[in-house]
Amino acid sequence: MTITDTTQKTDLKALTKDELNHFCSELGLQSFRSDQIFQWLYQKGVSDFEDMTNLSKDLREKLREIATLNRIKPVQQQESQDGTIKFLFQLTDEEKDYKVEAVLIPDFFADGAARRLTVCVSSQVGCVFGCAFCATGKMGLFRNLTHGEIVDQVQYINDLVEEKYGKKITNIVYMGMGEPLHNYKAIVNSAHIISDPLSIELSPKRITVSTVGLTKQIKMLADDQEEFNLAISLHAPTDIKRDEIMPINSSMNLESLEEAVKYYHNATDKPVTYEYLLFDDFNDSPQDARDLAKIAKWVPSKINIIMYNNVAGVELKRAREERLNDFMRELIKNDVRATVRRSRGDDIDAGCGQLAIREGTPKGKTMAKN
């Protein structure tokens, strides 16, 4: 499609920065105009070409004729007593009712001032990988998000926290709905946009992308020398247990994951983080901790022990405190660097996908066994 084809308008927020430069060049615009448009899209969050006030009226009219400016819309918001806020966003698909979630997780100083403002974003509508503990996995997969739709989540919440707390967001985690590395191009492009000085300008060191263990894409991150952080959703320390709760393990087991993680570390010299949901009487024994310690020593790493947000219809439950304490003691004994992340938003639908499912999302494609 060329820019003169008005039968199909160009979605500007589906273009990378280089593609936007090319789009503007084809219009005969000076290069600084592309930067201005990019800034309106990703720093100021406009939803109408008319709001791009430093562009001429004729140019704004031309853009309206040949391009679209879509932005996802917030349709529901839940706030927990602990300050966690969950957002449900409506996408712009015609004749579809697709929704995705994002979560703001604030951390406060003793005086109540915001210390850390973390945004957890979605990368897909649903998820194909069907992990047994995940509400999103129950939906199945419908489609990938564009990088523009991912940035929209961050931008909307950043505007809110600047007004609410007087500061910008401090961290982003790609741990919402979907498997980020299954939507590789969009998550990489969105991370680049978020860290751009003409956008939100968040350091890549404050961006973390999570994966269930897609080994090919982990190696791609290494080859591409992406600057953001890598987290691996591990959740079980042996193939036998991982097979029970994560269908991906049947095709990408711990041996293949170890090879990919070592490849990543050798290429980037960066550590990895392992996310480990602690389930009662499933993966929380001292032996599980010893098995986890072996994985932690593949490359320099840290373990985030996560206390699970129980999900309706899921048999797995949050580990009891005494089992958590025994588990942590065993990790410490084995010289593992580990922290405990407490559940947030227990009084709202804070578990990933719960709010969307409550809205009645139908079933998509899934690897999960029925």
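Eleven aromatic pairs turn up in this predicted model. One of them joins Phe-87 and Phe-89, whose ring centres sit 6.1 Å apart with planes at 20°, so this pair counts as stacked. Planes have to be under 30 degrees apart for that label. Both partners are tucked away from the surface: Phe-87 has a relative accessible area of 0% and is buried, and Phe-89, at 0% relative accessibility, is buried too.

Phe-87 also takes part in a pair with Tyr-156. Here the ring centres are 6.0 Å apart and the planes stand at 80°, so the arrangement is edge-to-face. Phe-87 belongs to strand E4 (residues 85-90) and Tyr-156 to helix H5 (residues 147-165), so the pair links parts of the protein that are 69 residues apart in sequence. Tyr-156 itself is partly exposed, with a relative accessibility of 24%, whereas Phe-87 is buried. Elsewhere, four aromatic residues come together in one cluster, made up of Phe-133, Phe-279, Phe-282 and Tyr-308.

One member of that cluster, Phe-133, leads on to a histidine, since His-235 touches Phe-133. His-235 is found in the loop between strand E11 (229-233) and helix H8 (239-245). Despite that loop position, His-235 is buried, with a relative accessible area of just 5%. Leaving aside residues up to four places away in sequence, His-235 also touches Ile-245, Met-246, Glu-275, Tyr-276, Leu-277 and Asn-283. Of these, Ile-245 is part of helix H8 (239-245), while Glu-275, Tyr-276 and Leu-277 fall within strand E12 (272-278). Another spatial link runs from His-235 to Leu-292: the two are 57 residues apart in sequence, and their C-alpha atoms are 9.4 Å apart in space.

A second histidine, His-265, has its place in helix H9. His-265 counts as buried at 14% relative accessibility, as the cut-off for that class is under 20%. Not counting residues up to four places away in sequence, His-265 touches Lys-270, Pro-271, Val-299 and Pro-300. Pro-300 sits in the loop between helix H10 (286-296) and strand E13 (301-307) and, at 46% relative accessibility, counts as partly exposed. Seen from the proline's side, and with the same residues up to four places away left out, the contacts of Pro-300 are His-265, Pro-271 and Val-272. Pro-271 therefore shows up in the contacts of His-265 and in those of Pro-300, with contact taken as heavy atoms within 4.5 Å. By contrast, Glu-201 is well out of reach of that proline: the C-alpha atoms of Pro-300 and Glu-201 are separated by 28 Å, with their positions 99 residues apart along the chain.

Two aspartates have backbone angles worth a look. Most residues other than glycine have a negative phi. Asp-269 goes the other way, with a positive phi near 60°. Asp-269 lies in the loop between helix H9 (254-268) and strand E12 (272-278) and is exposed, at 62% relative accessibility. Asp-335 also has a positive phi, of about 60°, without being a glycine. The setting of Asp-335 is again a loop, between helix H11 (321-333) and strand E14 (338-341), and Asp-335 is exposed with a relative accessible area of 70%.

Now for the overall picture. The protein contains twelve helices and 14 strands. Its radius of gyration is 21 Å, close to the 21 Å that the globule rule gives for 370 residues, so the protein is as compact as a globular protein of that length. Taken along the principal axes, the C-alpha atoms fill a box of roughly 70 × 45 × 45 Å. Of the 370 residues, 54% count as buried. Among contacts with a separation of 6 or more, 67% come from residues 24 or more positions apart.

As for the surface, the accessible area comes to about 16,900 Å², and carbon and sulfur atoms account for 46% of that. The charged side chains number 48 positive and 56 negative, and the centres of the two sets lie 2 Å apart.

How values were computed. Residues are numbered from 1 along each chain as its sequence is written. Side-chain values use heavy atoms; hydrogens and water are left out. Helices (H or I, at least four residues) and strands (E, at least two) are DSSP runs, numbered from the N terminus. The radius of gyration is taken over C-alpha atoms; the globule rule is 2.2 Å times the number of residues to the power 0.38. Buried means under 20% relative accessible area, exposed over 50%, partly exposed in between (1.4 Å probe, protein chains only). Accessible areas come from the Shrake-Rupley method with a 1.4 Å probe; for residues, only the protein chains shown count as cover. Lys and Arg count as positive and Asp and Glu as negative; His and the chain ends are not counted. The place of a charge is taken as NZ of Lys, CZ of Arg, CG of Asp or CD of Glu. Rings of Phe, Tyr and Trp (its six-membered ring) pair if their centres lie within 6.5 Å; planes under 30 degrees apart count as stacked, over 60 as edge-to-face and the rest as tilted.
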